[in-house]
Amino acid sequence: MAKRKDARIRVILECTCCIRNGVKKVSPGISRYITQKNRHNTPNQLELRKFCPYCYKHMIHGEIK
């Protein structure tokens, strides 16, 4: 049986500030969130403001593959 193509897909959001600055020696990692999006309503990359525990502030988290 073939899988049907659902409108909702799971995406991973990653902190753009941690990636841009590289992982600093003081920060132990990169912040990631898992969420869902509707591929028909938002076909482009998703970006949300989420709290980054490594930067200690709200930063933009972008979708990764």
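This is a short walk through a predicted model, from its overall layout to individual residues.

The chain holds one helix and four strands. Read from the N terminus, their order is β-α-β-β-β. Strand 1 covers residues 8-15. Helix 1 follows at residues 16-20. Strand 2 spans residues 32-38. Strand 3 takes 47-52 and strand 4 takes 57-64.

Some totals set the scene. The chain has 65 residues, and 25% of them count as buried. About 5,400 Å² of the chain is exposed, with carbon and sulfur atoms supplying 52% of that area. Among contacts with a separation of 6 or more, 50% join residues 24 or more positions apart. Several of the residues below show such links.

Start with the interior. Nonpolar side chains tend to be buried together in soluble globular proteins. Here the largest nonpolar core has five residues: C15, C17, C18, C52 and M59. What does M59 touch beyond its sequence neighbours? Leaving aside residues within four places, M59 is in contact with C15, C17, L48, R49, K50 and C52. Three of these partners, C15, C17 and C52, belong to the core themselves.

Aromatic rings come next. No aromatic pairs turn up in a search of the whole structure. Y33 does have a charged partner, though. K50 lies over the face of the Y33 ring, 4.8 Å from its centre.

Now take the helix and its link to strand 4. T16 lies in helix 1. Its relative accessible area is 23%, so T16 is partly exposed. Beyond four places in sequence, T16 contacts I60 and G62. T16 and I60 are 44 residues apart in sequence, yet their C-alpha atoms are 6.2 Å apart. A polar atom of the T16 side chain lies 2.9 Å from the backbone oxygen of I60.

I60 itself sits in strand 4. Its relative accessibility is 38%, which means that I60 counts as partly exposed. Leaving aside neighbours within four places, I60 contacts E14, C15, T16, E47, L48 and R49. For R49, eleven residues away along the chain, the C-alpha separation from I60 is 4.4 Å.

Just before strand 4 there is a backbone feature to check. Most residues other than glycine have a negative phi. Y56 is not a glycine, but its phi is positive, at about 60°. This residue, Y56, is placed in the loop between strand 3 and strand 4. Is Y56 buried or exposed? Y56 counts as exposed because its relative accessibility is 68%.

A loop position can also be covered. S31 lies in the loop between helix 1 and strand 2. At 4% relative accessibility, under the 20% limit, S31 counts as buried. Not counting neighbours within four places, S31 is in contact with L13, E14, C15, F51, C52, P53, Y54 and H61. C15 and C52, both among these partners, are also members of the largest nonpolar core. With H61, the S31 contact is polar: the two side chains meet at 3.1 Å.

Follow strand 2 to K37. Why does this lysine, K37, count as buried? The reason is its relative accessibility of 7%, because buried means under 20%. Which residues surround K37? Outside four places in sequence, K37 touches A7, R8, I9, V11, T42, P43, N44, L46 and E63. The K37 side chain also reaches the backbone oxygen of T42, at 3.2 Å.

One of those partners, A7, closes the tour. A7 is in the segment before strand 1. At 27% relative accessibility, A7 counts as partly exposed. Its contacts, leaving aside neighbours within four places, are K37, N38, R39 and H40. A7 and R39 stand 32 residues apart in sequence, with 5.5 Å between their C-alpha atoms.

Definitions and conventions: Residues are numbered from 1 along each chain as its sequence is written. This is a predicted model: local features need pLDDT of at least 70, side-chain atom pairs count only at pLDDT 80 or more; totals for chains, interfaces and linings use all residues. Side-chain values use heavy atoms; hydrogens and water are left out. Helices (H or I, at least four residues) and strands (E, at least two) are DSSP runs, numbered from the N terminus. Buried means under 20% relative accessible area, exposed over 50%, partly exposed in between (1.4 Å probe, protein chains only). Contact means heavy atoms within 4.5 Å. Accessible areas come from the Shrake-Rupley method with a 1.4 Å probe; for residues, only the protein chains shown count as cover. A polar contact is a pair of N or O atoms within 3.5 Å; within protein, one must be able to donate a hydrogen and the other to accept it, and residues adjacent in sequence count only if both atoms are side-chain atoms. Rings of Phe, Tyr and Trp (its six-membered ring) pair if their centres lie within 6.5 Å; planes under 30 degrees apart count as stacked, over 60 as edge-to-face and the rest as tilted. A charge sits over a ring if NZ of Lys or CZ of Arg is within 6 Å of the ring centre and within 35 degrees of the ring normal. A nonpolar core is a set of buried Ala, Val, Leu, Ile, Met, Phe, Trp, Tyr and Cys residues joined through side-chain atoms within 4.5 Å.
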